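Here is a friendly tour of a two-chain model. Please keep the structure open beside the text as you read.

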Amino acid sequence: MAQARQAPLDLLAIRAKRYGATLVDIVREHRDYRKQIFQLAAVDLMRTYRGSALGWLWAVIKPSVTIFVYWFAFSVGLRAGKDVGGFPFFLWLVAGIIPWFYMSEMLTQGSTNFKRYDYLVTKIRFPVSTISTFVSLSKLYVHIALLLIVVVLFILFGYPVDVYFLQLPVYVALMFLFFTMWSMFASLLSAMSKDFANVVSSFVMAIFWVSGIMWDVNQISDPVLSKVLLFNPVTFLANGYRNVFIYKRWFFQDTFALMAFLIMLAGMFGLALYTFHRLRRDIADVL
Amino acid sequence: MTASDVVIDFRHVYKRYRLYRSDKHRFLGIFTKRVKYREVFANRDLTFKVKRGESLAILGKNGAGKSTMLKMITGVAFPSSGHIEVNGRVSALLELTAGFDPEFTGRENVHLRGQLWGLDKEEILALEKQVVEFADIGVYMDQPMRTYSSGMKARVGFAISASINPEILVVDEALSVGDKAFREKCDRKIKEIMAKDDVTVIFVTHSSASAAAVCNRGMVLEKGKLVFDGSIDDAIEFYEGPREQPLVAEV
């Protein structure tokens, strides 16, 4: 009897140990290949912007056009763009949409890493867990460059840098962490099935519109809905950037929002670890 | 034979592929065990050791499991069960035209590969010099690799793989790319690498003649199983002779 009761627990312990070993492997691969991760991030960046006459400028042109279009549609077309907290609608829009550019890149391109870098998986001995990390890092470089431009923009508009800007690295780090793990999870699944990549790309626009990038989440009056929306990591991050630039709030002031995000982060961590553990050995066989 | 002399150690290695009816079934198969699939074994119960400096020929027909085994030695595929230990830097001349980023030039790909291996700047420059010299494709070295012919890709591929001073060299005979002059150049280079007696060579082939010229030990794979392991002459005899013949020195 005692044995029978013990067995499931033992099984659980064995499993936990295996997943722990996988996690240790991931950490070790990142440590051993840290030099390569930074080099490959630079290579990935080069790969994205080369072969076009304007090259690097595209990293700025594309977001600028998007921002202009939304600003035009809302301010001029819908006449909905009102000032928020003493800031022009334009700046409010910019503050929230800047992280979205990184997030949407990670949602779409970040979920096809193993297909784009299949030669690292099937032809060369290379730690596959680091692929998502260097792709994410390469997108992060662009994001940080855009972020600096935005800071300059705020200064030009007459809003100087203040103490709230100190929390920018926190939001950048949280966003990087969440979407790097997402990318590992999604790339594995989309390598297994084309459907998954299609599902993701068809939902990107939907995610954009429900996540409160174009409207103010804090204006939702329904108390339940406003709490539920905070479980969307995209909302938390876009809102977070606005905390820095517009609302002038600290990230720990809204405890509920922070906890909701951390729960989602932990969930993403679990998903990424689970899929990596289950699929890393199969991935070379199906690509 | 001390442990450090063994560079490749396979213990009861199985490689199983699961064949699903479609991609959809494979996708569902990740989450539930109820999806039906067929199991195909590419390798069954492979157990052998290879010592440092040995030159081993692997003989077998198409589908005998040679490539799967090589992939596992190279470390890009993993066994379904069993244990594999490989000590030493493996350089595989498997698919020479693969493993490049088509958007980058030949030169950039050499740098990329050097970085992947974790070489420092000077080592990469030395590698680049060797590759440029050996591949001998002139101005194409600075063109994107997507513009290369398969022969040019193979030249760069071979030059890179041959230039890293491998401890274990895996040569696939499907290497017959490029013109005659270049092939002879490759053969000379392989022989040069093999002449260093601490380099272990694994040579994969359908043809016994080339195996006999290069190797001293032979293994025969059949339907994923190791059916013969012994001296190269005996292996060739086993591979080519009638199957009814009694096994002379099966291990």
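The report below covers the fold of one chain, the contact between the chains, a helix pair and two backbone details.

This is a predicted model, in which local features need pLDDT of at least 70, side-chain atom pairs count only at pLDDT 80 or more, and totals for chains, interfaces and linings use all residues. Residues are numbered from 1 along each chain as its sequence is written, while chains are lettered from A and ligands numbered from 1 in the order in which they are written.

Let us begin with chain A, which has 13 helices and zero strands; helices (H or I, at least four residues) and strands (E, at least two) are DSSP runs, numbered from the N terminus. The C-alpha trace of chain A spans about 70 × 55 × 35 Å along its principal axes. Its radius of gyration of 21 Å agrees with the value near 19 Å for a compact globule of 287 residues; the radius is taken over C-alpha atoms, and the globule rule is 2.2 Å times the number of residues to the power 0.38.

Where the chains meet, 22 residues from chain A face 21 residues from chain B; two residues are in contact if their C-beta atoms, placed from the backbone, lie within 7 Å. Helix 2 of chain A gives the largest share of the side of chain A that touches chain B, five residues. That side has seven nonpolar, five polar and ten charged residues. Here Ala, Val, Leu, Ile, Met, Phe, Trp, Tyr, Cys and Pro count as nonpolar, Asp, Glu, Lys and Arg as charged, and the others, Gly among them, as polar.

In chain B, helix 3 (residues 106-116) and helix 4 (residues 121-135) pack at an angle of about 135°, with their axes 9 Å apart. Axes are lines fitted to C-alpha atoms, for helices over the stretch in contact, and angles run from 0 to 180 degrees between N-to-C directions. Residues of helix 3 of chain B in this contact include B:V110 and B:H111, and those of helix 4 of chain B include B:L127 and B:V131.

Finally, which residues of chain B have a positive phi although they are not glycines? The table lists them.

| Residue | Phi | Place |
|---|---|---|
| B:H12 | about 45° | strand 1 (residues 6-19) of chain B |
| B:D136 | about 55° | loop between helix 4 and helix 5 (150-162) of chain B |

Most residues other than glycine have a negative phi.
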